[in-house]
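Work through the exercises below with the structure open beside the text. Try each task before reading its solution.

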Amino acid sequence: MLSIEQISARVENLRYRATNRDSRQQDVLAVRKGEIASVYPDFFPDGVDANVVANFIDVVARDLSEVMAPLPSVNCSAANQANDRARKFADTRTRIATNYFANSDLQVQMYTGADLYITFGFVPFIIELDEEAGLPRIRIENPVGAYPEFDRYGRCIAFAKRYFLPLGELVASFPEYEALLLGKEGYDQDLNSQMEVIRYYDSEQSVIYVPSKNDLILSQAKNPLGKMMVVIARRPSLDGEMRGQFDDVLGIQLLRNRFALLAMEAAEKSVQAPIVVPQDVNELQMGPDAIIRTATPASVRRVDLNIPPGAFTEQALLQQELRTGTRYPEGRTGNIDASIITGQGVQALMGGFDTQVKSAQAIFASTLRDVISVCFEVDEKYFDYEKTIRGVDAGSPYQITYKPSKDIKKDYSADVRYGMLAGLNPAQGLIFMLQALGGGLISTDLAMRELPFGINVTQEQEKIEVEGMRKALVQSLQAYTQSIPQMAVQGGDPTEVIQKIANVIKSRQKGVSIEDAVEEVFAPQELPPAGAPMVEQTSPAPAALAGGAPQPPSLQTLLSSLTSGGQGSASARTAIRR
């Protein structure tokens, strides 16, 4: 375990190596806050200390982060899918992992986390112990003033974060160190003065100390896992330096501001330009309704201020350069100067936007997989007792009771993915999914599971099947109703058909479901008692005509005599053949 002297020296070394990154972060942060004049004070006149045009960088960062922020789906697969016990074990772990996200309110945090990732090039995920809930908690840290250290495999092995707190707040948070924090001056000094506090993490311990007070240790705790509980999501880089997406476009935003100031100055000067009058004017009145007496009134005018048209062309070029540098397509703002018949123009405009969203979500998926693995281990080693969790899984609420040592069993793996629609907007994703479904490349079940919102696929399929059968039942009733005119033409009595249809309508008006109404109205009637006399009908021909014995009616003949209401006519026909 490192001593406080070794920790302080290590943090100072990390800060020294990140000097350029700290400078870039402060510049980008100032521009995002609208304080671009503080970054380039020589380019702004006195009295102008903020953006005079739309803060394009802030708009791009917020829009991109809102698209990237949705959480991926978590699935803990079973080693043997044919084993019911293994599937239940995997489902339980899946719900436990999903509950880590819900307990940490990670979906709300991800909007800020995605913004930080885009703006500064990396975002730390810190796993902490939530003693009250008895669960690990995931917290997204601000990368400004953060100093991670990585090994040759890209794994974080140390992490330091710098905070600035008022002296009075620091004393209130750590009253046991009041005398050391205040020093000899005591409460006579400015309690609002900012104090630098460093929080350091590694695989062995977590330390909070004050560098300006001889590395005074305010808090120190042993790492319960013996491994790093910080996971870093980093943007791809050629040289390993973590850079934000807007580090190279601050100058373009500055020039847009500068051109806007010049345009405002030109408009002001054109309004306040000197007035030219002919030589016969002896007196010049100023103000509204002023009268100028001259023999040549056409010569009275203001001095023309000619603005070269190239200035406006340059403004358009700067806007285009800013869009290119931020990889933000014009289609996101609704300016689509392309054909939307085939969608090729829109696809070309949105291509860069989709690819960067997809790449960011791939990095988030990898990072969150490691985060879940650490959470599983923390839960099993530190909170190993029975607890009840509630949540919603694929649109269906659930409640389970689990014990980490029994339901995790040192299996810390999880599959985290954004699905096949990652990086696509909803319209593009729906078209792609329908085309794949129509081409037989995927099943309906998979398409439903890949939708960009959570649903219970099993229940939804049951609802679709029930709706289809209800629709078929209604269509059958409509076809049954269409037989009424034909029955009337043939001399039949359609009263029974009309009555049954009317009864179905009345049942539906009372709120009875269509299947219950049809079942009740079309229920088979009771058969007559066994002892009831049967109606006989004599044959019109004598039984002993020359040529042979009478032939009994066939079953098909009897069935064909049933009425449309399902009742028999009790008639028979006897044919005698010679």
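**Exercise 1: A pair of strands**

Glu 128 has a relative accessible area of 22% and is partly exposed. The model is a predicted one.

Task: Find which residue forms a salt bridge with Glu 128, and state where the two residues lie.

Solution.
Step 1. Glu 128 forms a salt bridge with Arg 139; their closest N and O atoms are 2.8 Å apart.
Step 2. This pair links distant parts of the chain: Arg 139 belongs to strand β3 (residues 135-140) and Glu 128 to strand β2 (residues 122-130), 11 residues apart.
Step 3. Arg 139 is partly exposed, because its relative accessibility is 22% and the class partly exposed lies between under 20% (buried) and over 50% (exposed).
Step 4. As a general point, side chains of opposite charge can pair when their charged atoms come close.

**Exercise 2: A pair within one helix**

Task: Describe the salt bridge between Asp 58 and Arg 62, and decide for Asp 58 whether the residue is buried or exposed.

Solution.
Step 1. The salt bridge joins the side chains of Asp 58 and Arg 62, at 3.0 Å from N to O.
Step 2. Both residues are in helix α4 (residues 56-68), where they are 4 residues apart, about one turn of the helix.
Step 3. An α-helix has 3.6 residues a turn, so residues three or four places apart point the same way.
Step 4. Asp 58 is buried because its relative accessible area is 13%, and buried means under 20%.
Step 5. Arg 62, at 46% relative accessibility, counts as partly exposed.
Step 6. Asp 58 and Arg 62 also belong to a network of salt bridges, in which they are linked with Arg 32 and Asp 115.

**Exercise 3: A pair far apart in sequence**

Task: How many salt bridges are counted in the model, and how many residues apart are Glu 241 and Arg 24?

Solution.
Step 1. The count comes to 20 salt bridges.
Step 2. One of the pairs is Glu 241 with Arg 24, whose closest N and O atoms are 3.1 Å apart.
Step 3. Glu 241 sits in the loop between β9 (230-234) and α9 (250-271), Arg 24 sits in helix α2 (residues 19-32), and the two are 217 residues apart, so the pair links distant parts of the chain.
Step 4. Glu 241 has 21% relative accessibility and therefore counts as partly exposed.

**Exercise 4: Helix α9**

Task: Compare the reach of helix α9 with the expected value, and name some of its buried residues.

Solution.
Step 1. Helix α9 has 22 residues.
Step 2. From its first C-alpha to its last, α9 reaches 32 Å, close to the 32 Å expected at 1.5 Å a residue.
Step 3. The buried residues of α9 include Leu 250, Ile 252, Leu 254, Ala 260 and Leu 261, and also Gln 253, Arg 256 and Asn 257.

**Exercise 5: Two buried valines**

Task: State where Val 371 and Val 210 lie, and give for each a C-alpha distance to another residue.

Solution.
Step 1. Val 371 is in helix α11 (residues 344-382).
Step 2. Val 371 is buried because its relative accessible area is 0%.
Step 3. From Val 371 to Ile 126 the C-alpha distance is 8.3 Å, and the two are 245 residues apart in sequence.
Step 4. Val 210 is in strand β7 (residues 205-210), and at 0% relative accessibility Val 210 counts as buried.
Step 5. From Val 210 to Val 197 the C-alpha distance is 4.8 Å, with their positions 13 residues apart in sequence as the separation.

**Exercise 6: A charged patch and positive phi angles**

Task: Which residues form a positive surface patch, and what is phi of Lys 409?

Solution.
Step 1. The patch is formed by Arg 85, Lys 88, Lys 403, Lys 406 and Lys 409.
Step 2. Arg 85 lies in helix α5 (residues 84-104) and is exposed, with a relative accessible area of 68%.
Step 3. Lys 409 lies in the loop between α12 (404-407) and β14 (415-417).
Step 4. Lys 409 is not a glycine, yet its phi is positive, near 50°.
Step 5. Asp 105, also not a glycine, has a positive phi of about 55°.
Step 6. Asp 105 is in the loop between α5 and α6 (106-120), and at 44% relative accessibility Asp 105 counts as partly exposed.

How values were computed:
Residues numbered from 1 in each chain as written. Predicted model: local features only at pLDDT ≥ 70, side-chain atom pairs only at ≥ 80, totals over all residues. Heavy atoms only, no water. Patch = residues over 30% accessible without salt bridge, like charges linked within 9 Å, V, L, I, M, F, W, Y side chains within 5 Å. Areas by Shrake-Rupley, 256 points an atom, 1.4 Å probe, with all protein chains shown as cover. Salt bridge = Lys/Arg side-chain N within 4 Å of Asp/Glu carboxyl O. Lys, Arg positive; Asp, Glu negative; His and termini not counted. Charge placed at Lys NZ, Arg CZ, Asp CG, Glu CD. Buried < 20%, exposed > 50% of the residue type's maximum accessible area, 1.4 Å probe, protein only. Expected span 1.5 Å × (residues − 1).
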